[in-house]
Amino acid sequence: MFIGPLEDRVAIQELNGTYADGVVRIDADTWASVWAEDAHWSLMGMEVEGRTAIVELWKGAMSGLTAVSFHCIPCMIEIDGDRAKARVQTQEFMLTKEGKTRAVGGLYEDELVKSGGRWLFTRRIFRIVAEYNPQEG
């Protein structure tokens with residue numbers, strides 16, 4: 001469900017757009033800008049605390065890629081004052097530096113905070129819903 005002021009829901013959709021833009025351009029500064037300083041990221045069971053550690057993990061993951069197409073669609077946003085919860089469906093198409101391709105459909109479960117007039121992720125939990133690796137059959 002989408003609950004809360006439209007202005008806040010649009011701002012959270014735009015935050016996801018900034019996240020996606022950072023991924024597609026493999027731009028660590030843009031990607032880092034969406035995280036709270038004390039954020040938590042759960043990436044397929046790997047737990048990371050704090051924006052600095054989160055960005056370092058992401059840089060390592062992205063270092064093996066030549067290109068990424070990343071699409072995300074918020075499918076639930078619930079605002080409660082300066083806090084929010086959201087679910088975001090994703091589709092990623094990746095090209096590795098070895099020339100292999102990978103397609104992933106995923107789901108983020110998010111918690112956010114509005115700080116200084118802007119929304120930031122405080123917690124993102126990502127899991128793969130479906131995956132296709134053409135090299136593996």
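This report looks at one helix, three paired strands, the salt bridges and the cysteines of a predicted model.

**Helix α3**

Helix α3 covers residues 51-62, and its 12 residues should span 16 Å at 1.5 Å a residue, which agrees with the 16 Å that separates its end C-alpha atoms. Its buried residues are Ile54, Val55, Trp58 and Met62. Seen down the helix axis, these buried residues fall within an arc of 95 degrees, so they line one face of α3. Behind this pattern lies a general rule: an α-helix has 3.6 residues a turn, so residues three or four places apart point the same way. The buried residues of α3 pack against two helices, α1 (6-24) and α2 (28-32), and also against the strands β2 (35-43), β3 (46-49) and β4 (65-80).

**Strands β5, β6 and β7**

Strand β5 (residues 83-96) runs antiparallel to strand β6 (residues 101-115), and 13 bridges join the two. Within this pairing, arginine 87 stands opposite glutamate 109 in β6. The hairpin of β5 and β6 has four residues between the strands, and glycine 99 takes a positive phi near 90 degrees there. On β6 there is also a pairing with strand β7 (residues 118-132), again in the antiparallel sense and over 13 bridges, in which alanine 103 has tyrosine 132 of β7 as its bridge partner. The hairpin of β6 and β7 has two residues between the strands, and in this hairpin glycine 116 takes a positive phi near 60 degrees.

**Salt bridges**

How many salt bridges does a search of the whole structure find? The search finds seven, and the table lists three pairs, including the distance between their N and O atoms.

| Basic residue | Acidic residue | N to O distance |
|---|---|---|
| Lysine 114 | Aspartate 8 | 2.9 Å |
| Arginine 25 | Aspartate 27 | 3.0 Å |
| Arginine 102 | Glutamate 131 | 2.5 Å |

Lysine 114 and aspartate 8 form a salt bridge, and this pair links distant parts of the chain, since lysine 114 is in strand β6 and aspartate 8 in helix α1, 106 residues apart. Lysine 114 is partly exposed, with a relative accessible area of 29%, whereas aspartate 8 counts as buried at 9%. Arginine 25, which is partly exposed at 45%, belongs with Asp21 and Asp27 to a network of salt bridges.

**Cysteines**

Why does the search of the whole structure find zero disulfides? The sulfur of cysteine 72 has its closest cysteine sulfur in cysteine 75, and the 11 Å between them is too far for a bond, because a disulfide needs sulfur atoms within 2.5 Å. Cysteine 75 is partly exposed, with a relative accessible area of 26%.

Definitions and conventions:
Residues are numbered from 1 along each chain as its sequence is written. This is a predicted model: local features need pLDDT of at least 70, side-chain atom pairs count only at pLDDT 80 or more; totals for chains, interfaces and linings use all residues. Side-chain values use heavy atoms; hydrogens and water are left out. Buried means under 20% relative accessible area, exposed over 50%, partly exposed in between (1.4 Å probe, protein chains only). The expected span of a helix is 1.5 Å times one less than its number of residues. The arc is that of the directions from the helix axis to the C-beta atoms. Contact means heavy atoms within 4.5 Å. Two strands pair if DSSP finds at least two bridges between them. A salt bridge is a side-chain nitrogen of Lys or Arg within 4 Å of a carboxyl oxygen of Asp or Glu.
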